[in-house]
Every structure is written in C-alpha cells, then in structure tokens.
Amino acid sequence: MKHLLYWILLIITLPVPLFGLEFTEHLVEDSLARILDIHVCDIDSDGDFDILCSEYVHEWDCKYRLLLFEKNDDQEFITHEISNNFGFIEGINAIDFDGDDDIDIIVAGGVNDSKISIMENVGNLEFEKHSFSTYVSDSFWRFPSQIGVADFDGNGFLDIAVAFLWVDGWMDHYGGLAWFSQNEEDRFTGEELVGYTDAGWFGLAVFDFDGDDSFDIIAEEIRLWGSEDSLRYGRWMNDGEGNFEYNAFPINEAGPSIYSDLNSDGYMDIITGSFNERRDSFRIIWLESNERYEYSEHEIINEYFSNVNAITTADFDDDGDIDIVAVVVPRNQDDPWVVVLENDGDNNFESHAFGEVILIFNVGTATDDNAFPGFVVSTIVTAPDPTRGAIYWYENRLNQSIPTDDYNATPAKYEIQSIYPNPFNSETLINYSIPQSGIVSLGIYDLSGREVASLYNGHRNVGSYSETWNASLVPTGMFVCRLNCGGRSEAVKLVVVR
C-alpha cells in the first residue's frame, strides 16, 4: 500500500550526533504486531506529545486496534487501547473536530470497514466512535487511505478530504479522491474530486495554496506502469465554498515529497526526489512556488542516487532556516544512508552523509514544551519479518542555551523575528524582539479578528524572547500572530495543517 513507496528510514545508533545535535533513543513499545500507521499529537493537552498507533492484530480476519501511548511527566509511556473493533486502519488524524476544546481522532478505514470514523473525546482518554460510509457511487467507496481536515465550504463545520487506494495484485494501484462536507446535523455528504483511475494517490495535504483564505488540496498521482506523464501532482483550488478547480503539472518524480515553504516567501514549495534527464538515477530537487502558483525547479543536490526513500525538513542546526534530511541509496551500494542538507540561509545546501540506516516504516515529528524537534518512528523488531513492530522516540538533546553576549544585545526594532515551523501541525516557536522596555502583548487571532490564544501579556525588558503556541485545539486554517508594544504593532500569518 502507500508504505511500499513511503518507507521512512532513520539511523538508530545511541546517541546519534548531528552538527551539535544529539538524538537519544527511547523505547516506547516493542511487543506490538505489525504497525500500519502512527500519528504524533498532544492528545491530552498536557504539553507533552503522545502517539497514536494502528496495529494489525489478526492477519486473516482483518482485525486492527487503535492504540494511544500517553507520555507522562516521567518521560514514560502508558498504553491505552482506544478501540479493537476496526476492520482496517490506513490513516490517522487528530484535531478538535467537534469544537469542545479537546482532541478527537479521525480514522480512515478500509476492507470490510470502508468508513471514516470520528473518535469523539469524552474525557479521561475515553472515546466514542461515530462512523459514516465513504460510499460516493457504486464504483467509488473502497479503501479510504489518507485524510485531510479543513472547513472547505465555509459553513463553520470541519470537512474531510479522503484519498482512496485499492491494490489489485502485487503493484497495480487504483485510486481516487473525494471530500465529505459536514452540516450542522453532523451528517456528511460526499463528492468526487477525481473518480477511480489506474493510479495511486499519495501525499494528500490540505492548506491554502493561493492565499485566498480558503483551503485547497494537493496529492501526488502515480501510475506505476504508464507513460512519461504518469507522475504528476494534482491540485484542487477551492473558491471558499467547496467548489474546486482541478489543475495538474507533470513531474519526473518517483519518491516521497514534503511540502514546505523552504525560502519563507509565503508560498508552499515541494521538496522531492526526482529522476535525472536520463531517468536512470535520482537527485533531490526543490520546486519553488511563486505568486502565480507556478513552479520553478532547483537542484538541491547534484549527486545522483539509485533511490530516494524519504525526505523531511526542520531547522536541525537551530540557525533560523530550514534544512533537509533525506534517506538515499548511493549508486553502486545496497544500503541506504542518511544525508543532511544544511541550508546556509540563502537556500544553498551543503551535503553531509553520516551513516547507514535500518528500515523504518513511519516517522512523526515529536515536540514537547521545548521547540526542538525529535522523531517518533515505527519499525520491525527483526528484519525482514513485518509481523512484529516496535516504536522508538528519538529525543533531540540540542543545547538550548543562548550565548550571554547575544542574549544581552539590544534589538534594533520591535519585530517578530521568526516563526518555525510554519506551516505546522501542532506546535510552533515564535521569536520576537523588544528594543525598549514596556507592556507587551503577543497573541494569535483568526481571520475574523477573534483572539484564539494569548501567549504573553505583561511587562518585558529590552531583549529577545520566545513563546510556543500549541495549536492542537484549533482547526486547520490560517491565523495571525500579532505583537503589540510601545504603540507599535506587527502581524505575521501562520498556517495550521493536519
């Protein structure tokens, strides 16, 4: 299924050094059956990340469990079985779906359970299951595999975008996309975006591409046995009322993609593995988006690989720009390597390879009250047997101290210096500077001007400061971070994506 193309690999040496970073390995659980998906979020809103996991319990009767690993103050994980009554679980998301200020879980099912299930949080980590059928037409209902959540039609209720995937035989993929509109009676109505075709749809994501304050959809279409245009991205541009206009652009890509505003210009870019012109090896490219939502290609690394297995982004060296981590297979080698592409601030990248890796099935960014990302990964216990699974947390041990001279330097102006990551899923770090002592307020507002979070309100001395915003309780959408001090005001947009 999608994991055949989206295997994620990470090094598991203890500890793992990287430019002054160190990742310390923590075992979460190693007695699981096969793990199909994980999702990292703060399900209990206590400031620590938790882990949702779908476990393939019984192979022949298609039995799946939804598990929660709750992280406590002692850095230990407590296992909760949320449900053992799923026929299939392919995708997991978590958001305050019903607007009652706690985190609910949305699950995409399949096989004999072709439904979307909303696991309503009723308190004390107890959940009630509410499901609806993904039937759209007689030929369009099977295997919901990926989900994205946003209010597409502007009616104030969260809707769900769904990628469907059917695998017939070893590598024959059939797929389609639809979205389901929710009304005030909590009922869902499905509408096709693209009917079933001989293609697989992967990398479903939801965010505002064109800056019109409505949420669009992107997915990667892969026809495994097709012509040169068998690889392309499909975009559905939303007019704000749930009317979508489809456009697509071909690519020479055959690996996983990550969506990130790499150059911080407000337009969502794509970082991906791509064929070279001869289509006999891979490189890593950056598809830069502009104000017309067109893409220009930049070669990030001109070394060629026999494969690119995984890509992710973060500010790994804490210098204020976005770096890239890729798992690649060098030419003339069998074993994959982790390659760190260090950004110099002008989007020039220096490559650092630092070790062979083992096979990992899923990865999620894990952030506690500190803003430096670690990783949660699911893997197999004994390769190549995929019937036993384990989960590990790789804690980022970056030294967070700020040099005294830098900290005491007087800032030149009132400024929101950086927000990272942005877009983001659950937490982001906001850095700002105050050149004169005074009363400071820093808050988050929705596009109607309503304050959704007050991050600081009080006196600040001259200096630079940081605040963390946990957005777990707000829906997918665009928000404004506003700094008020000394009769001045500055605002920067943020985007929450699920």
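How many salt bridges does a search of the whole structure find? The search finds five salt bridges, and several of them appear in the views below, all drawn from a predicted model.

**View 1. Overall composition of the predicted protein.**
The protein contains two helices and 35 strands. Of its 498 residues, 54% are buried. Its accessible surface comes to about 21600 Å², and carbon and sulfur atoms account for 44% of that surface. Among contacts between residues at least 6 apart in sequence, 49% join residues that are at least 24 apart.

**View 2. The open sheet formed by S7, S8, S9 and S10.**
Four strands make up this open sheet, in the order S7-S8-S9-S10, and their pairing is antiparallel. Strand S7 (91-95) and strand S10 (126-133) are the edge strands, each pairing on one side only. From one strand to the next, the twist averages 20 degrees. In general, the strands of a sheet pair through backbone hydrogen bonds, in either a parallel or an antiparallel manner.

**View 3. The pairing of S8 with S9.**
Within the sheet of the preceding view, strand S8 (residues 104-108) and strand S9 (residues 115-123) run antiparallel and are joined by four bridges. Ile-105 has Met-119 in S9 as its bridge partner.

**View 4. The enclosed strand S20.**
Strand S20 covers residues 269-275, and seven of its seven residues are buried, so the strand is largely enclosed by the rest of the structure. The covering extends to both faces of S20. On one side, Asp-269, Ile-271, Gly-273 and Phe-275 are buried; on the other side, Ile-270, Thr-272 and Ser-274 are buried as well.

**View 5. The pairing of S20 with S21.**
Strand S21 (residues 282-289) pairs with S20 in the antiparallel sense, over six bridges. Gly-273, one of the buried residues of S20, stands opposite Ile-284 in S21.

**View 6. Arg-283 and its two salt-bridge partners.**
Side chains of opposite charge can pair when their charged atoms come close. The side chain of Arg-283 meets that of Glu-297 in a salt bridge, at 2.6 Å from N to O. This pair links distant parts of the chain, with Arg-283 in strand S21 and Glu-297 in strand S22 (residues 295-314), 14 residues apart. Arg-283 also forms a salt bridge with Glu-299, where the closest N and O atoms are 3.2 Å apart. Because Arg-283 lies in strand S21 and Glu-299 in strand S22, the pair ties together parts that are 16 residues apart in sequence. Arg-283 has a relative accessible area of 10% and is therefore buried, since buried means under 20%. Glu-297, at 45% relative accessibility, counts as partly exposed, as does Glu-299 at 38%.

**View 7. The salt bridge between Asp-446 and Arg-450.**
Which residue forms a salt bridge with Asp-446? The partner is Arg-450, and the closest N and O atoms of the pair are 3.2 Å apart. Asp-446 counts as buried, at 15% relative accessibility, whereas Arg-450 is exposed, with a relative accessible area of 51%.

**View 8. A network of salt bridges.**
Glu-55, Arg-65 and Glu-81 are joined into one network by salt bridges that share partners.

Conventions. Residues are numbered from 1 along each chain as its sequence is written. This is a predicted model: local features need pLDDT of at least 70, side-chain atom pairs count only at pLDDT 80 or more; totals for chains, interfaces and linings use all residues. Side-chain values use heavy atoms; hydrogens and water are left out. Buried means under 20% relative accessible area, exposed over 50%, partly exposed in between (1.4 Å probe, protein chains only). Two strands pair if DSSP finds at least two bridges between them. Contact means heavy atoms within 4.5 Å. Accessible areas come from the Shrake-Rupley method with a 1.4 Å probe; for residues, only the protein chains shown count as cover. Axes are lines fitted to C-alpha atoms, for helices over the stretch in contact, and angles run from 0 to 180 degrees between N-to-C directions. A salt bridge is a side-chain nitrogen of Lys or Arg within 4 Å of a carboxyl oxygen of Asp or Glu.
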